[in-house]
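Here are my notes on this model, set out point by point. Please read them with the structure open.

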Amino acid sequence: MTSAAMLNAPCNIGAVKFEVKLKPSPNLFCARPSVKLNRRRVLTIRASKEGHDNGSNSGPLGKMGLTDEECEAAVVAGNVPETPPVPPKPAAPAGTPIVSSLPINRRPRRNRRSSAARAAFQETNISPANLVYPLFIHEGEEDTPIGAMPGCYRLGWRHGLVEEVAKARDVGVNSIVLFPKVPDALKTSTGDEAYNDNGLVPRTIRLLKDKYPDLVIYTDVALDPYSSDGHDGIVREDGVIMNDETVHQLCKQAVAQARAGADVVSPSDMMDGRVGAIRAALDAEGFQHVSIMSYTAKYASSFYGPFREALDSNPRFGDKKTYQMNPANYREALVELQADESEGADILLVKPGLPYLDIIRLLRDKSPLPIAAYQVSGEYSMIKAGGVLKMIDEERVMMESLMCLRRAGADIILTYFALQAGRCICGEKR
């Protein structure tokens, strides 16, 4: 197997002198040196023979069992292992003009050349932990589809809800917010059912906490699901929404929810002073650990239509413009922000989401508190409708919209896409 013909060549490495003996072979690529200081040594270059090694180390990139010193000596001797050639430059299509390179030093596209580079430099990320799943519940045993919100249901609180929560937890979505469909017979002008300890929401909280103790449960604090008038507060005979009297009811509602085991109470009513009053009421009852997520900038938006169908909670008359914010206003959000911060809010929410990215960024820049965004029913239904009509790629638009909310500054997102997005993030296709 060895050849008697040898090629001698002197080689010096530092203070060590070698004699290189080469066997004539076209596949020279490594060397086996015998190195000792202050002595003349022989370095033999051994050639591999194709097909000689039937193991996994065959071929030009196979391992030869050489030491680091032997491999380095071979390279020093000029016997560099073979590697694939540099690929040819891709050809431009026929007719491409020949031009000189632009005299620019900064080319941002360099950082977008590959998927690995784009992932490395991505500034915003989203995970299931950033998502809060809004769930509609009712007293019935069966799940009822919501026509204006494809894929959403009024869930039976004892069965369908528990199953939906289990699905969400399987993909890492461990936060939910509850919205009840209250029987009409229990609705009153003062919304007293809102603080019934054995009402639909407190019962549901106790059930879920018994089955999933670590589930994070957000609740909605407002009177509209319980009001015979469909407004977030008590309505005076002349149509005025009464502020302070409503806040009194909201405090009792928040305490009842906390007593049942809610982790975060979320006043969405937009009454003045309600955050401070709720904080005081919770603390007085020993619920200092319960957080408040305030709907800080909740706009009188037209994007809420499908939600009101889901809860059958449309106002019996008028609109909500005397307490929800004007969609044309930007600076007013700072007034609400300052009030909620000073009154003890733990999380600040903007609603709707995507049409109000500027408000999300405003609150993010002006407050150290966590910022939440609510991707509301109208936003959800538009994406769903576009997907059904094949006008857009539903999944891609869904994920892009959520990423935009995160990029604008939202720490958490309330979204009806939570389960679907969680599956997408986890790589599931269902």
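1. Which residue is the bridge partner of Y374 in β16? The partner is L414. Note that this is a predicted model. Strand β15 (residues 371-375) runs parallel to β16, and 4 bridges join the two.

2. Strand β16 also has a parallel neighbour in β5 (residues 131-138), with 2 bridges between them. Here V132 stands opposite L414. L414 thus comes up twice: it faces V132 of β5 and pairs with Y374.

3. Is β16 covered on its faces, or open? Both faces of this strand (residues 412-415) are covered. I412 and L414 are buried on one side. I413 and T415 are buried on the other.

4. Turn next to helix α3 (residues 160-170). Its buried residues are G160, L161, V162, E164, V165 and A168. Note that E164 is among them. In general, residues three or four places apart in an α-helix point the same way, because there are 3.6 residues a turn.

5. What covers the buried residues of α3? The cover includes the strands β5, β7 (153-156) and β8 (175-180), together with the helices α4 (200-211) and α12 (418-425). Strand β5 is also joined to β16. After α3 comes G172, with a positive phi near 90 degrees.

6. T246 deserves a look. This residue sits in helix α5 (residues 243-260). T246 counts as buried because its relative accessibility is 0%, against a cut-off of under 20%. A polar atom of the T246 side chain lies 2.9 Å from the backbone nitrogen of I234. Leaving aside neighbours within four places in sequence, T246 is in contact with L223, D232, G233, I234 and M271.

7. Now the backbone exceptions. As a rule, most residues other than glycine have a negative phi, and most peptide bonds are trans. The bond between K351 and P352 is cis, with omega about -5 degrees. P352 lies in the loop between β14 (347-351) and α9 (357-366).

8. Two residues other than glycine have a positive phi: M270, near 70 degrees, and K390, near 60 degrees. Are they buried or exposed? M270 is buried, with a relative accessible area of 4%. K390 is exposed, at 72%.

9. Both positions are in loops. M270 is found between β12 (264-267) and α6 (274-284). K390 is found between α10 (377-388) and α11 (394-408).

How values were computed:
Residues are numbered from 1 along each chain as its sequence is written. This is a predicted model: local features need pLDDT of at least 70, side-chain atom pairs count only at pLDDT 80 or more; totals for chains, interfaces and linings use all residues. Side-chain values use heavy atoms; hydrogens and water are left out. Buried means under 20% relative accessible area, exposed over 50%, partly exposed in between (1.4 Å probe, protein chains only). Two strands pair if DSSP finds at least two bridges between them. A polar contact is a pair of N or O atoms within 3.5 Å; within protein, one must be able to donate a hydrogen and the other to accept it, and residues adjacent in sequence count only if both atoms are side-chain atoms. Contact means heavy atoms within 4.5 Å.
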